[in-house]
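The exercises below ask for careful reading of a single model, and each task is followed by a solution that goes step by step. Please look through the sequence and the coordinates before starting.

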Amino acid sequence: MTKPLPLGRMRSLSAANSAVVFTSLEAAVPSASMGLITGLFAFLYHLPQIYKWLLKPYYIISFTMTVAFLLVRKTPGLCEHLASDREDGNSCDFDWREVEILMFLSAIVMMKNRRAITLEQHVGNLFMFSKVANVILFFRLDIRFGILYLALCVAFVMTCKPPLYMGPEYIKYFSDKTIDEELQRDSRVTWIVEFYANWSSECQSFAPIFADLSLKYNCAGLRFGKVDIGRYSDISERYRVSTSPLSKQLPSLLLFQGGREVMRRPMVDNKGRAVSWTFNEENIIREFNLNELFQKSKKLNKSMSLREKQNSAQPEEGSDELLENSNSDQPTESKKDQ
């Protein structure tokens, strides 16, 4: 038989365990506090940008339509005249079915935002599914309210488009007349071209990511370009990038070397549908070997600069033409088709 521990021994063990617990809590509390403080400072740092971003008409109207049912249900003087399934008859508060719909909405938004990358995607998912929930809630409340809200949603979609990205970038915008010529002008230059459409929300969300990559990696031997295949349908057919929403090929990134396509993302299966691929910065850098391409392009940039100096020291016929070509390699920030 095992002897029971003395009372003093048990007390010492209990004190030791308590000390370990309190030490763990003391270590966890500062780390949690630091996480909250870091998030707060990050929010305050980006607050001017977020404030300017949210003041755009598209987001103001979207936010108003997102909280429309909440405003109707909670506004004094209006909510008293609404129907309610609550047992206490309080029509200015949510009934159990409305709470159930709102909880289901929260779960859907959380699931969709797991794959979201940018702030625009998170907010876009919230706006879209909130409007769907509002349609259901308004139809359940009163069919007249439902029809009115649905008509407002249709009018909003047809007249108000998400704002386009207008930040800094080193991207050349192609038209149907310039893309082939530009890709084949210099076989030493590698091009990464985004095929997009302005009406695609995925393309709009990807715009700041692609712009940021162009700022980091653009050089004389590695260039970034974009072409709107929603506007130039012949380019869509020529480069086999479908604009159909069912194909999920927008946006598409194509890598060109020597004027020929080397790879593309997302890849397309035999049925013409895109293979699932996440458009974030890490995936693009890894799949397209941007770091390696950038290092090779910097060497090309040095050799091109050395050759230009030699040509300027010993001018020959056609030197003006070479100078024009070297100037054309400078990045552009124009939003117009070149």
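**Exercise 1.** Classify cysteine 203 and cysteine 219 as buried or exposed.

*Solution.* Cysteine 203 has a relative accessibility of 4% and therefore counts as buried, where buried means under 20% relative accessible area, exposed means over 50%, and partly exposed is in between, with a 1.4 Å probe and protein chains only. Cysteine 219, at 11% relative accessibility, is likewise buried. Before going on, note that the model is predicted, that local features need pLDDT of at least 70 and side-chain atom pairs count only at pLDDT 80 or more, and that totals for chains, interfaces and linings use all residues. Residues are numbered from 1 along each chain as its sequence is written, and side-chain values use heavy atoms, with hydrogens and water left out.

**Exercise 2.** Find how many disulfides there are, and describe the geometry and placement of the link.

*Solution.* Taking a disulfide as a pair of cysteine sulfur atoms within 2.5 Å, the count comes to one. The bond joins cysteine 79 to cysteine 92, with an S to S distance of 1.8 Å, and with 75 degrees about the S-S bond the link is right-handed. Cysteine 79 and cysteine 92 are 13 residues apart, in the loop between α3 (68-74) and α4 (96-113); helices here are DSSP runs of H or I with at least four residues, and strands are runs of E with at least two, numbered from the N terminus. Both cysteine 79 and cysteine 92 are buried.

**Exercise 3.** Compute the aromatic pairs and characterise two of them.

*Solution.* Rings of Phe, Tyr and Trp (its six-membered ring) pair if their centres lie within 6.5 Å, and planes under 30 degrees apart count as stacked, over 60 as edge-to-face and the rest as tilted. The search of the whole structure yields 15 aromatic pairs. One of them, tyrosine 58 with phenylalanine 156, is stacked, at 5.4 Å centre to centre and 25 degrees between the planes. This pair links helix α2 (residues 57-66), which holds tyrosine 58, to helix α6 (residues 143-159), which holds phenylalanine 156, across 98 residues, and both residues are buried. Another pair, phenylalanine 206 with phenylalanine 279, is edge-to-face, at 5.2 Å centre to centre and 65 degrees between the planes. Here phenylalanine 206 lies in helix α8 (residues 201-217), whereas phenylalanine 279 lies in the loop between β5 (260-265) and α10 (281-287), 73 residues apart; phenylalanine 206 and phenylalanine 279 are both buried. Ring pairs also link Phe69, Phe94, Phe138, Phe145 and Tyr149 into a cluster.

**Exercise 4.** Which rings have a lysine over the face?

*Solution.* The criterion is that NZ of Lys or CZ of Arg is within 6 Å of the ring centre and within 35 degrees of the ring normal. Lysine 74 meets this over phenylalanine 94, at 5.3 Å from the ring centre, and lysine 226 does so over tyrosine 196, at 4.7 Å.

**Exercise 5.** Describe the surroundings of serine 214 and methionine 128.

*Solution.* Serine 214 lies in helix α8 and is buried, because its relative accessible area is 0%. With contact meaning heavy atoms within 4.5 Å, and leaving aside neighbours within four places in sequence, serine 214 is in contact with Glu169, Tyr170, Ile171 and Phe224. Methionine 128, found in helix α5 (residues 119-141), is partly exposed, because its relative accessible area is 45%. The C-alpha atoms of methionine 128 and threonine 66 are separated by 8.3 Å, although the two are 62 residues apart along the chain.
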